[in-house]
Amino acid sequence: VGDTRRVLVIDDELGIRSVLAEALVEEGWEVQSARDGREALRVLRAWRPDAILLDMMMPVMDGWAFRKAQRGLTDGLSDVPLIVLSAAREVAAHGVALGAAVALSKPFDLDEVFEAVEQVLHR
Amino acid sequence: VLLVQKCRLHSGCGGTVPRRESRAGILRMVPAGICLSRRVCWALPGFDRPGYGESIVFGRRMTGCDDMGNAAPPGYLGCLSALAGSSFASSREATDAVLRLLSDQLGMRSGFLTRITPQQNGNEVLAAYNAPGGCDVPAGALLPLSETYCSVISDSIDLAPVLIEATHTDPIFRIHPASMASPHIGSFIGVPVLLSDGSLYGTLCAVDPDPRTLTRHQSDLLVVLARLLATQIERDDQLAERRRVQEQLLLQVQLIEQVAAAVIVTDLEGRVTHWNQHAERLYGWSREEVLGGNIGQLTVGPAESEIATEIMERLRAGQSWEGEFLATRRDGFTFPAYVTDTLACDADGHPVGIVGVSVDITERERLLAGERTAREEAEEALRVRDEFLSIASHELRNPVSAAKGSAQLLLRSLRRGTPDPERMERGLGAIVTATDRLAVLIDDLLDVSRLRSGQFPMRKRPTDLAALVQEEAETGSASRGTHCLTIEGIAAPCIATVDPDRIRQVVVNLLDNAVKYSPGGGEVRVLLSCEPEGALLRVEDQGIGLPHGTEDRIFEPFGRAANATGSNLPGMGLGLYISRRIAEAHGGSLRAESAGEGRGTTMTLRLPLQVHHDEGGPPDGHRGESEGRLGG
């Protein structure tokens with residue numbers, strides 16, 4: 001893995017994916033993004049992130065389904081810490097239910113996101 | 001010549017009796033069993049009933065009392081038997097006759113029948129006869145028992161008769177409280193009135209202001225009369241009790257007949273013995289038809305025979321059964337009934353029959369079902385609203401997040417002093433896109449909200465649909481050169497009475513969708529045809545099509561086909577919902593067809609040319625313009 005820390009961004013909203021990717025890259029992280037859970041699982045086959053930013057409501061495969069699939073992954077991929085990003089009002093409860101390290105509600109502050117990612121990586 | 005003298009008649013007799021008539025004549029003329037004049041009594045053949053006491057012996061023929069003298073024993077016994085055989089209008093009248101006879105025969109001026117209630121120290125005068133110079137105690141008087149000589153009777157162990165020939169000189173009784181209370185009573189004779197169970201009812205007594213000496217016959221007479229009265233009293237009580245029972249029975253029968261429930265009584269084998277009016281109405285069988293018939297065959301349909309067997313088993317086990325039951329009418333129709341079956345038992349507790357009460361609960365079931373449906377509908381409406389709010393909130397937060405994130409990124413780079421123009425443009429462009437989306441979303445949400453609450457005004461007026469379609473096709477997104485656009489059928493005007501703004505909204509939505517969902521380009525074909533039965537607008541594209549079975553899903557709020565969301569094509573899924581409701585508000589329709597995924601989509605809008613008043617416009621639409629509201 002080396003020194004470069006990796007973040008996987010999963011969100012169906014193109015605008016949010018690009019903002020997060022751009023901001024995180026600017027902070028020095030390596031970023032991959034996926035527009036739903038299924039695409040994210042494809043990314044995980046070849047690329048192991050240190051943190052996952054996960055949206056909840058997505059077409060094809062939503063946050064819940066992705067988390068379930070992630071738990072079944074091997075090679076430590078099931079333990080990659082999650083940061084839940086959700087527009088739902090019950091975001092905190094969703095975060096707990098998913099076993100996420102942090103749960104952030106949309107619209108979020110970029111500083112909150114950076115802080116959450118830092119916290120997860122330095123654990 | 002008959003000498004006719006007006007006689008004083010006793011005890012309900014009335015009329016005249018020949019004074020000197022042969023006995024045979026009198027026998028012929030006097031009604032049976034009547035006691036005649038003051039001293040002359042006649043008894044008639046046939047009054048030979050035994051049973052009035054040991055001292056009374058009846059012959060087949062009784063001789064009368066002599067004309068002048070004291071009543072000879074056979075005479076007053078004859079009188080007695082005459083009295084016993086008389087029919088009086090009431091027992092009160094009989095009692096009065098007895099008291100008068102008593103007074104006459106004993107030569108005492110007052111006679112009383114009293115009722116004793118020892119616990120209350122009461123002695124009530126039930127009936128009184130007071131000859132002139134008598135004691136003048138009226139019927140109805142309530143005397144303290146201890147202050148009457150009757151208490152001597154009730155206090156004695158064997159309830160013996162009491163005779164006091166001279167109260168004021170009698171060594172025992174002159175100090176009796178009654179002698180103090182009633183100084184004007186000179187003599188007293190009283191006997192107990194005993195009921196058949198031996199209990200003391202009261203007394204029959206005679207008093208006189210003067211001392212009297214009584215013969216054995218006279219006191220015997222009193223004993224006999226007391227027994228006579230006791231019999232009368234018991235018979236009265238029995239009659240009253242029987243009348244009370246009969247009245248109660250009648251009331252219960254009326255109740256059972258009039259109660260708003262079918263009351264059916266059967267024997268233990270289920271043969272009907274009673275069938276009330278409501279049962280006739282409820283089951284359609286008349287009482288005459290069902291009496292003796294088997295209840296199972298009359299009211300139980302084949303589907304319920306099992307439960308009917310269960311009911312009978314429960315009843316045989318001595319238990320009752322209560323519950324809902326699908327009862328069958330005479331005409332074969334069934335209805336839900338609430339049934340209570342209980343065992344009817346005789347006085348010894350042995351079951352003799354089954355009482356079934358059934359009530360038709362069709363109406364209650366209907367109300368309950370209606371209530372259930374209404375509750376389910378309300379819950380569903382609430383669920384749909386919650387889901388709608390949840391999705392709307394999500395849809396609003398996403399573009400806000402994108403805009404905010406882009407703005408924060410730009411701020412950061414500005415603060416670092418490295419404003420890269422290309423990056424600035426990208427960020428600001430993202431903000432504009434996000435806010436445009438927000439604006440559209442807010443409009444759509446407002447439309448949906450108005451559609452749902454029924455506050456969606458329609459301002460219909462004659463509109464040229466051909467011009468409207470052409471204008472939108474030529475200036476909208478379909479004209480931007482990415483797609484090959486063909487328009488047909490707009491050469492001639494197509495006038496329809498519609499709300500032009502709303503219909504424009506629909507046309508724009510259809511054209512935008514055609515372009516949006518054919519990202520690979522291709523032909524967008526717009527075809528308008530104007531027929532008398534209505535206008536028809538078809539918009540065909542060669543885009544991603546619709547997965548099989550989603551042709552209706554895309555018209556639901558936030559309903560988008562999986563291939564639309566999967567291809568990351570933007571959209572909230574409200575446009576087609578709104579468009580279809582607008583079409584419907586015009587009395588038209590909007591449908592989608594597709595041969596399948598990747599095989600293009602055809603949207604078909606149908607609109608009537610004329611306003612249909614029952615579609616929402618007022619019946620008297622003014623100058624071709626009408627305003628309607630869309631029901632939610």
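Which side chain of chain B does Glu26(A) meet in a salt bridge? Arg423(B) is the partner, at 2.2 Å from N to O. Keep in mind that this is a predicted model.

Let me start with the interface as a whole. On the chain A side, 24 residues are in contact with chain B, and chain B brings 25 residues to meet them. The buried area between the two chains comes to about 2200 Å². Carbon and sulfur atoms give 48% of that area.

Now the charges. Between chain A and chain B the count is 10 salt bridges. The pair we opened with, Glu26(A) and Arg423(B), is joined by a salt bridge. Polar contacts come next. There are 13 residue pairs in polar contact across the two chains, counting pairs with both residues at pLDDT 80 or more.

Which elements of chain A give two or more residues to this side? They are helix H1, residues 14-26, and helix H5, residues 110-121. H1(A) has the largest share, with 7 residues. Look at the classes too. The side of chain A that touches chain B holds 12 charged residues, 11 nonpolar ones and 1 polar one.

On to the cysteines. Over all chains, the count is 1 disulfide. A disulfide is a covalent bond between the sulfur atoms of two cysteines. Here the partners are Cys494(B) and Cys530(B), with their sulfur atoms 2.1 Å apart. The link is right-handed, with 80° about the S-S bond.

Where do the two partners sit? Cys494(B) is in the loop between strand E15 (484-488) and strand E16 (495-498) of chain B. Cys530(B) is in strand E17 of chain B, residues 523-531. The two are 36 residues apart, so the pair links distant parts of the chain.

Is each partner buried or exposed? Cys494(B) counts as buried because its relative accessibility is 1%, and the cut-off for buried is under 20%. Cys530(B) has a relative accessible area of 35%, so this residue is partly exposed.

Finally, two other cysteines of chain B. Why does Cys135(B) have no bond to Cys205(B)? Cys205(B) holds the closest cysteine sulfur, but that sulfur is 9.7 Å from the one in Cys135(B), too far for a bond. The cut-off is 2.5 Å. Cys135(B) is also buried, at 9% relative accessibility. Cys345(B), by contrast, is partly exposed, with a relative accessible area of 44%.

Technical notes. Residues numbered from 1 in each chain as written. Chains lettered and ligands numbered in written order. Predicted model: local features only at pLDDT ≥ 70, side-chain atom pairs only at ≥ 80, totals over all residues. Heavy atoms only, no water. Contact = heavy atoms within 4.5 Å. Buried area = accessible area lost by both parts, 1.4 Å probe. Salt bridge = Lys/Arg side-chain N within 4 Å of Asp/Glu carboxyl O. Polar contact = N/O pair within 3.5 Å; in protein donor to acceptor, adjacent residues only side chain to side chain. Helix = DSSP H or I, 4+ residues; strand = E, 2+ residues; numbered from the N terminus. Nonpolar A, V, L, I, M, F, W, Y, C, P; charged D, E, K, R; others polar. Buried < 20%, exposed > 50% of the residue type's maximum accessible area, 1.4 Å probe, protein only.
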